[in-house]
Amino acid sequence: MSWLAYSQFILDKVRFDRALFRKELRKFLLYLTPVERLQLVRWCRLRFHQSPSSDSAY
(Lines give C-alpha, C1' and ligand atoms only; values in the text may rest on other atoms or scores of the structure.)
Protein backbone atom coordinates (compact mmCIF):
# COMPACT_ATOMS: atom_id res chain seq x y z
CA MET A 1 0.00 0.00 0.00
CA SER A 2 1.40 3.40 -0.94
CA TRP A 3 1.61 6.31 1.49
CA LEU A 4 -1.06 8.09 -0.52
CA ALA A 5 -3.49 5.17 -0.34
CA TYR A 6 -2.71 4.65 3.35
CA SER A 7 -3.24 8.31 4.16
CA GLN A 8 -6.59 8.31 2.34
CA PHE A 9 -7.64 5.20 4.25
CA ILE A 10 -6.74 6.72 7.63
CA LEU A 11 -8.23 10.13 6.89
CA ASP A 12 -11.47 8.49 5.86
CA LYS A 13 -11.54 6.69 9.23
CA VAL A 14 -10.85 9.80 11.36
CA ARG A 15 -13.11 12.23 9.50
CA PHE A 16 -15.51 12.36 12.46
CA ASP A 17 -12.99 14.34 14.55
CA ARG A 18 -11.83 17.56 12.90
CA ALA A 19 -8.81 18.07 15.17
CA LEU A 20 -7.61 14.50 14.68
CA PHE A 21 -8.21 14.78 10.94
CA ARG A 22 -6.01 17.89 10.75
CA LYS A 23 -3.30 16.28 12.84
CA GLU A 24 -3.19 13.20 10.64
CA LEU A 25 -3.33 15.23 7.44
CA ARG A 26 -0.38 17.36 8.50
CA LYS A 27 1.58 14.25 9.42
CA PHE A 28 0.90 12.60 6.07
CA LEU A 29 1.86 15.71 4.14
CA LEU A 30 5.38 15.34 5.56
CA TYR A 31 5.74 11.82 4.13
CA LEU A 32 4.31 12.38 0.68
CA THR A 33 6.01 13.63 -2.46
CA PRO A 34 4.90 17.02 -3.81
CA VAL A 35 2.74 15.35 -6.46
CA GLU A 36 1.14 13.04 -3.89
CA ARG A 37 0.49 16.04 -1.61
CA LEU A 38 -1.51 17.72 -4.36
CA GLN A 39 -3.40 14.51 -5.01
CA LEU A 40 -4.22 14.11 -1.33
CA VAL A 41 -5.44 17.70 -0.94
CA ARG A 42 -7.62 17.33 -4.05
CA TRP A 43 -8.96 14.03 -2.75
CA CYS A 44 -9.81 15.64 0.60
CA ARG A 45 -11.61 18.49 -1.07
CA LEU A 46 -13.66 16.17 -3.26
CA ARG A 47 -14.32 13.57 -0.58
CA PHE A 48 -15.20 15.97 2.21
CA HIS A 49 -16.68 18.82 0.12
CA GLN A 50 -14.00 21.30 1.14
CA SER A 51 -14.08 24.42 -0.99
CA PRO A 52 -10.77 25.12 -2.77
CA SER A 53 -10.51 28.63 -1.34
CA SER A 54 -10.55 27.56 2.32
CA ASP A 55 -7.10 26.05 2.74
CA SER A 56 -6.99 27.35 6.31
CA ALA A 57 -8.90 24.24 7.44
CA TYR A 58 -5.77 22.22 6.76
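**Three helices, starting from one serine**

Leaving out neighbours within four places in sequence, Ser-7 is in contact with Phe-28, Leu-32 and Leu-40. Contact here means heavy atoms within 4.5 Å. Ser-7 sits in helix H1, and its relative accessible area is 0%, so Ser-7 counts as buried. Buried is under 20% relative accessible area, exposed is over 50%, and partly exposed is in between (1.4 Å probe, protein chains only).

Before going on, the basis. This is a predicted model, in which local features need pLDDT of at least 70 and side-chain atom pairs count only at pLDDT 80 or more, while totals for chains, interfaces and linings use all residues. Residues are numbered from 1 along each chain as its sequence is written, and side-chain values use heavy atoms, with hydrogens and water left out.

Now the overall layout. The protein has 3 helices and 0 strands, and from the N terminus the elements run α-α-α. Helices are DSSP runs of H or I with at least four residues, strands are E runs of at least two, and both are numbered from the N terminus. H1 covers residues 3-13 and H2 covers 18-31, while H3 covers residues 34-47.

Of the 58 residues in the protein, 28% count as buried. Among contacts between residues at least 6 apart in sequence, 48% join residues at least 24 apart. The protein exposes about 4,200 Å², and carbon and sulfur atoms supply 58% of that area. Areas come from the Shrake-Rupley method with a 1.4 Å probe; for residues, only the protein chains shown count as cover.

Back to H1 and its inner side. Which residues of H1 are buried? They are Leu-4, Ser-7, Ile-10 and Leu-11. Seen down the axis of H1, these residues fall within an arc of 130°, so they line one face of the helix. The arc is taken from the directions from the helix axis to the C-beta atoms. H2 and H3 are among the elements that cover the buried residues of H1. Ser-7, where this talk began, is one of those buried residues.

Next, a residue on H2. Glu-24 is placed in helix H2. Is Glu-24 buried or exposed? With a relative accessible area of 12%, Glu-24 is buried. Apart from neighbours within four places in sequence, Glu-24 is in contact with Ile-10, Leu-11 and Val-14. Two of these names, Ile-10 and Leu-11, also appear among the buried residues of H1.

That brings in the charged pairs. How many salt bridges does a search of the whole structure find? The search finds 3. A salt bridge is a side-chain nitrogen of Lys or Arg within 4 Å of a carboxyl oxygen of Asp or Glu.

One of them joins Lys-27 to Glu-24, with the closest N and O atoms 3.0 Å apart. Lys-27 and Glu-24 are 3 residues apart in helix H2, which means that about one helical turn separates them. Lys-27 is partly exposed, at 37% relative accessible area, whereas Glu-24, at 12%, counts as buried. Elsewhere, salt bridges that share partners join Asp-12, Arg-15 and Arg-47 into one network.

Taking that network pair by pair: Arg-15 forms a salt bridge with Asp-12, and their closest N and O atoms are 2.6 Å apart. The side chains of Arg-47 and Asp-12 also meet in a salt bridge, at 2.8 Å from N to O. This second pair links distant parts of the chain, with Arg-47 in helix H3 and Asp-12 in helix H1, 35 residues apart. As for exposure, Asp-12 counts as partly exposed at 22% relative accessibility. Arg-15 is partly exposed at 48%, and Arg-47 is partly exposed at 41%.

Last, the outer surface. Met-1, Trp-3, Tyr-6, Phe-9, Leu-30 and Tyr-31 make a nonpolar surface patch of about 760 Å². Patches are made of residues with over 30% relative accessible area and no salt bridge; like charges are joined within 9 Å, and nonpolar side chains (Val, Leu, Ile, Met, Phe, Trp, Tyr) within 5 Å.

Which helix gives the most to this nonpolar patch? H1 does, with 3 residues. Helices H1 and H2 each supply at least two. Phe-9, one of the patch residues, lies in helix H1 and is partly exposed, with a relative accessible area of 44%. Ser-7 is in helix H1 too, but at 0% relative accessibility Ser-7 counts as buried.
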